[in-house]
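Here is a small set of exercises to work through at your own pace. Have your viewer ready, try each task yourself, and then read the solution below it.

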Amino acid sequence: MPVPAGYSAVPHGSGPSCLTKIQTGLMMGAMIGGATGILLGGFMGFRAGLRGKELLLQCGKTVAQSGGSFGVFMGVAQGLRC
């Protein structure tokens with residue numbers, strides 16, 4: 001069946017730009033990685049016997065590492081899709 005004249009998948013405009021897609025991928029990856037870092041960092045800290053300030057520092061490091069790396073990964077992946 002032919003597509004009607006004047007039809008477009010996005011009604012008004014051309015959709016998000018490539019930079020917006022990269023930023024969205026970066027933020028989404030950072031949030032997912034950060035949530036995973038809280039879970040894994042807390043579990044590893046409790047398993048190592050850490051409590052209080054040491055546990056928070058361990059969780060913070062793990063959140064920053066996993067959120068940063070997964071955020072960059074998702075940003076690059078979205079950039080490749082542009």
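The exercises below concern a predicted model, and each task is followed by a worked solution.

**Exercise 1. The overall fold**

Task: Find how many helices and strands the chain has, and what share of its residues is buried.

Solution: Start with the secondary structure, which comes to two helices and zero strands. Next, turn to burial: of the 82 residues in the chain, 21% are buried. Then look at the surface, which has an accessible area of about 6300 Å², with 71% of that belonging to carbon and sulfur atoms. Finally, consider the contacts between residues at least 6 apart in sequence: 70% of them join residues at least 24 apart.

**Exercise 2. Checking the helix lengths**

Task: Compare the end-to-end span of each helix with the span expected at 1.5 Å a residue.

Solution: Take helix 1 to begin with. Its 30 residues should span 44 Å at 1.5 Å a residue, and the end C-alpha atoms are 43 Å apart, so the two values agree. Now take helix 2, residues 53-81. This helix has 29 residues and reaches 42 Å from its first C-alpha to its last, close to the 42 Å expected. As a last step, look just past helix 1, where Gly49 follows with a positive phi, near 85°.

**Exercise 3. The buried faces**

Task: List the buried residues of each helix and say what covers them.

Solution: In helix 1, the buried residues are Gly25, Gly29, Gly33, Gly34, Gly37, Gly41, Gly42 and Gly45. Their cover includes helix 2. In helix 2, the buried positions are Leu55, Cys59, Thr62, Ser66, Gly67, Gly71, Met74, Gly75 and Gln78. For these, the cover includes helix 1 (18-47). When reading the spacing in both lists, keep one rule in mind: an α-helix has 3.6 residues a turn, so residues three or four places apart point the same way.

**Exercise 4. Two buried side chains in helix 2**

Task: Work out why Thr62 and Gln78 count as buried, and which residues each one contacts.

Solution: Thr62 is in helix 2. Its relative accessibility is 11%, so with a cut-off of under 20% Thr62 counts as buried. Setting aside residues up to four places away in sequence, Thr62 touches Gly37, Gly41 and Met44. Of the pair Thr62 and Met44, we can add that they are 18 residues apart in sequence and 9.6 Å apart in space, C-alpha to C-alpha.

Repeat the steps for Gln78, which is also in helix 2. At 17% relative accessibility, Gln78 is under the 20% cut-off and therefore buried. Leaving aside neighbours within four places in sequence, Gln78 is in contact with Lys21, Ile22 and Gly25. The C-alpha atoms of Gln78 and Lys21 are 6.2 Å apart, while 57 residues separate them in sequence.

**Exercise 5. The outer side**

Task: Decide whether Phe73 and Leu26 are buried, partly exposed or exposed, and find which residues make the nonpolar surface patch.

Solution: Phe73 lies in helix 2. Its relative accessible area is 53%, and because the cut-off for exposed is over 50%, Phe73 is exposed. Phe73 and Gly29 are 44 residues apart in sequence, yet their C-alpha atoms are 7.4 Å apart.

Leu26 is found in helix 1. With a relative accessible area of 39%, Leu26 is partly exposed. Together with Val72, Val76 and Leu80, Leu26 makes a nonpolar surface patch of about 390 Å². The largest share of this patch, three residues, comes from helix 2.

**Exercise 6. Comparing with the record**

Task: Look up which residues UniProt lists as "transmembrane region", and describe the model there.

Solution: The unreviewed UniProt entry lists residues 26-46 under that name. In the model, residues 26-46 are 100% helix and 0% strand. The end C-alpha atoms of that stretch are 29 Å apart.

Terms used:
Residues are numbered from 1 along each chain as its sequence is written. This is a predicted model: local features need pLDDT of at least 70, side-chain atom pairs count only at pLDDT 80 or more; totals for chains, interfaces and linings use all residues. Side-chain values use heavy atoms; hydrogens and water are left out. Helices (H or I, at least four residues) and strands (E, at least two) are DSSP runs, numbered from the N terminus. The expected span of a helix is 1.5 Å times one less than its number of residues. Buried means under 20% relative accessible area, exposed over 50%, partly exposed in between (1.4 Å probe, protein chains only). Contact means heavy atoms within 4.5 Å. Patches are made of residues with over 30% relative accessible area and no salt bridge: like charges are joined within 9 Å, nonpolar side chains (Val, Leu, Ile, Met, Phe, Trp, Tyr) within 5 Å. Accessible areas come from the Shrake-Rupley method with a 1.4 Å probe; for residues, only the protein chains shown count as cover. A salt bridge is a side-chain nitrogen of Lys or Arg within 4 Å of a carboxyl oxygen of Asp or Glu. UniProt positions are given in the numbering used here, feature names are shortened, and annotations may be inferred rather than shown by experiment.
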